[in-house]
Amino acid sequence: MRLRAAQHRPLVEGQARFTDCVNAVQEALAERELVIDLTAKRIRAGGTTIRLPRTELAFLSWFARRAKAGLEPLPGIPIPEEDPEQRGVAYREPFMAELERIDALLDEHGKTMRAIRHRITPDYFNAKNSKLNRTLKEKLGALAARPYLVLQESDGAGYALALAPEAIRYGAVAASP
């Protein structure tokens with residue numbers, strides 16, 4: 001009963017066929033691989049293709065590049081800070097670079113740009129992370145999604161994608177049949 005929350009929604013609701021159940025278990029136990037297709041705005045995580053909105057895709061890609069480079073976890077943006085105008089400024093450039101890789105013609109006056117023009121606030125950071133993680137859990141199931149989530153390290157060291165660098169690659173991802 002405790003594992004019920006970790007399962008893929010169609011399985012829990014009884015809407016899945018037996019083969020769907022077997023496939024879900026196999027995917028949860030499968031070798032972890034994340035393929036990011038910035039052009040088509042989709043990923044393949046654990047064999048499942050998922051289309052993501054560009055800001056969530058950029059957020060995931062930002063952390064994927066950090067993981068591939070072997071960088072340390074990224075500290076969260078502190079709410080109280082000596083200079084509030086500098087809050088999240090260091091996060092802006094790498095996030096903007098990912099957004100521009102996805103959409104080079106990004107609207108300078110659009111909602112996304114207004115939100116991060118000068119800094120990324122803790123609320124914006126947490127909202128993007130939460131939305132990305134929620135989408136992955138819905139599509140993969142909580143247990144299978146875990147390796148692909150941007151999570152805070154258990155020791156409080158910061159946020160990171162827990163995949164090994166060799167499990168992450170960029171390339172074309174075919175649409176789901």
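Trainee: What makes E1 and E2 a pair of strands in this predicted model?

Mentor: Pairing asks for at least two bridges, and four bridges join E1 (residues 34-37) to E2 (residues 42-45), so the two count as paired. The strands E1 and E2 run antiparallel. One of the contacts to look at is Ile36, whose bridge partner in E2 is Ile43.

Trainee: And how do you know that E2 pairs with E3?

Mentor: By the bridge count again: four bridges join E2 to E3 (residues 48-51), and the rule needs at least two, so E2 and E3 are paired. They too run antiparallel, and the bridge partner of Arg42 in E3 is Arg51.

Trainee: What lies between the strands in each hairpin, and which residues there have a positive phi?

Mentor: The hairpin of E1 and E2 has four residues between the strands, and Lys41 takes a positive phi near 60°. In the hairpin of E2 and E3 there are two residues between the strands, and Gly46 in the turn has a positive phi of about 60°.

Trainee: Now to the charged side chains. Why is the contact of Glu56 with Lys128 called a salt bridge?

Mentor: The closest N and O atoms are 3.1 Å apart; the cut-off is within 4 Å, so the pair qualifies. This salt bridge links distant parts of the chain, with Glu56 in helix H3 (residues 54-68) and Lys128 in helix H6 (residues 122-140), 72 residues apart.

Trainee: Are those two residues buried or exposed, and how do you know?

Mentor: Buried means under 20% relative accessible area. Glu56 has 1%, so Glu56 is buried; Lys128, at 13%, is also under the cut-off and therefore buried.

Trainee: What makes the contacts of Glu98 with Arg65 and Arg101 salt bridges?

Mentor: For Arg65, the closest N and O atoms are 2.4 Å from each other, within 4 Å, so the contact counts. This pair links distant parts of the chain: Glu98 is in helix H4 (residues 89-102) and Arg65 in helix H3, 33 residues apart. With Arg101 the N to O value is 2.7 Å, again within 4 Å, so this is a salt bridge as well. Glu98 and Arg101 both lie in helix H4, three residues apart, about one turn of the helix.

Trainee: Why are Arg65 and Arg101 called partly exposed, and what about Glu98?

Mentor: Partly exposed lies between 20% and 50%. Arg65 has 28%, so the term fits, and Arg101, at 45%, is therefore partly exposed too. Glu98 has 2%, under 20%, so Glu98 is buried.

Trainee: How many salt bridges does the rule give?

Mentor: Eight.

Terms used
Residues are numbered from 1 along each chain as its sequence is written. This is a predicted model: local features need pLDDT of at least 70, side-chain atom pairs count only at pLDDT 80 or more; totals for chains, interfaces and linings use all residues. Side-chain values use heavy atoms; hydrogens and water are left out. Buried means under 20% relative accessible area, exposed over 50%, partly exposed in between (1.4 Å probe, protein chains only).
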